[in-house]
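Let's work through this fold one question at a time. Keep the viewer open and find each spot as it comes up.

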Amino acid sequence: MIAVTRCGADIRLKLYIQPKASRDAWVELYGDEIKVAITAPPVDGKANAHLQKFLAKSFAVAKSQVVIEKGETGRHKTILIMAPNQLPELVKNQLTTA
């Protein structure tokens, strides 16, 4: 499985989330996923809400365009970004190598 796939105008990401990090960041390729560090703790959906906000900012889209398809309660997530306006470098690199 590839970490990033294009679905028409949308992009599907396989992410490994590291909550309670010191800063929000795209970390590295982690197996067949991209590791993302976020500062929010994994409590009461705070990490998911924070992740959606971080991804929306990274892709220059509204939070409603960031959909958690799988992994609502785990660290391994499948995310759909609807019609992204920009791509983070790590994601761009995955699309070009795929």
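Q: Which residue in S6 stands opposite Val 66?
A: This is a predicted model, so treat what follows as a reading of that prediction. Strand S5 covers residues 66-70 and strand S6 covers residues 76-81, and 4 bridges join the two in an antiparallel way. Val 66 belongs to that pairing, and the residue standing opposite in S6 is Ile 81.

Q: Which residue in the turn of the S5 and S6 hairpin has a positive phi?
A: S5 and S6 form a hairpin, with 5 residues between them. One residue in that turn has a positive phi of about 85°, and that residue is Gly 71.

Q: Which residue of S6 is the bridge partner of Ile 11?
A: S6 has another neighbour to look at, strand S2 (10-18). S2 and S6 run antiparallel and are joined by 6 bridges. Follow Ile 11 across to S6 and you land on its bridge partner, Ile 81.

Q: Is Thr 78 buried or exposed?
A: Thr 78 sits in strand S6, a strand that is mostly covered, with 5 of its 6 residues buried. Its contacts, leaving out residues up to four places away in sequence, include Leu 13, Val 67 and Ile 68. The cut-off for buried is under 20% relative accessible area. Thr 78 has 11%, so the word for it is buried.

Q: Which residue in S4 is the bridge partner of Leu 15?
A: Now hop over to strand S4, residues 33-37. S2 and S4 run parallel, with 4 bridges joining them. Leu 15 takes part in this pairing, and its bridge partner in S4 is Ile 34.

Q: How many residues of strand S4 are buried?
A: Glu 33, Lys 35 and Ala 37 point one way from S4, while Ile 34 and Val 36 point the other way. Residues on both sides are buried. The strand is largely enclosed by the rest of the structure because the number of buried residues is 5 of the 5.

Q: Which residue in S4 does Tyr 30 stand opposite?
A: S3 and S4 pair in the antiparallel sense over 5 bridges. They form a hairpin with 2 residues between them, and Gly 31 in the turn has a positive phi of about 65°. Tyr 30 is part of this pairing, and it stands opposite Glu 33.

Q: What is the angle between the planes of Tyr 16 and Tyr 30?
A: There are 3 aromatic pairs in this model. Tyr 16 and Tyr 30 make one that is stacked, at 4.4 Å centre to centre. The pair links distant parts of the chain, with Tyr 16 in strand S2 and Tyr 30 in strand S3, 14 residues apart. Planes under 30 degrees apart count as stacked, and here the angle is 20°.

Q: Why is the pair of Trp 26 and Phe 59 edge-to-face?
A: The ring centres of Trp 26 and Phe 59 are 5.9 Å apart. This pair also links distant parts of the chain, since Trp 26 is in strand S3 and Phe 59 is in helix H1, 33 residues apart. Both residues are buried. An angle over 60 degrees counts as edge-to-face, so the deciding value is the angle between the planes, 80°.

Q: Which residues are linked into a cluster by ring pairs?
A: Trp 26 and Phe 59 are already familiar as a pair. Ring pairs bring in one more name, and the cluster is Trp 26, Phe 54 and Phe 59.

Q: What is the relative accessible area of Lys 20?
A: Lys 20 has a positive phi of about 55° although it is not a glycine. Most residues other than glycine have a negative phi. You'll find Lys 20 in the loop between strands S2 and S3. It is exposed, with a relative accessible area of 62%.

Q: What is the phi of Ala 83?
A: Ala 83 lies in the loop between S6 and helix H2. It is partly exposed, with a relative accessible area of 34%. Ala 83 isn't a glycine, yet its phi is positive, at about 45°.

Q: What is the volume of the largest pocket?
A: The largest pocket is lined by 14 residues, and those nearest its centre include Pro 42 and Lys 77. The lining divides into 6 nonpolar, 4 polar and 4 charged residues. The volume of this pocket is about 180 Å³.

Terms used
Residues are numbered from 1 along each chain as its sequence is written. This is a predicted model: local features need pLDDT of at least 70, side-chain atom pairs count only at pLDDT 80 or more; totals for chains, interfaces and linings use all residues. Side-chain values use heavy atoms; hydrogens and water are left out. On a 1 Å grid over the protein atoms alone, a cavity is a set of points where a 1.4 Å probe fits but cannot get out, and a pocket is an open set with protein on both sides within 12 Å along at least five of seven lines; lining residues have an atom within 4 Å of a point. Grid points are joined across faces, edges and corners, and a volume is the space filled by probe spheres set on the points. Ala, Val, Leu, Ile, Met, Phe, Trp, Tyr, Cys and Pro count as nonpolar, Asp, Glu, Lys and Arg as charged, and the others, Gly among them, as polar. Two strands pair if DSSP finds at least two bridges between them. Buried means under 20% relative accessible area, exposed over 50%, partly exposed in between (1.4 Å probe, protein chains only). Contact means heavy atoms within 4.5 Å. Rings of Phe, Tyr and Trp (its six-membered ring) pair if their centres lie within 6.5 Å; planes under 30 degrees apart count as stacked, over 60 as edge-to-face and the rest as tilted.
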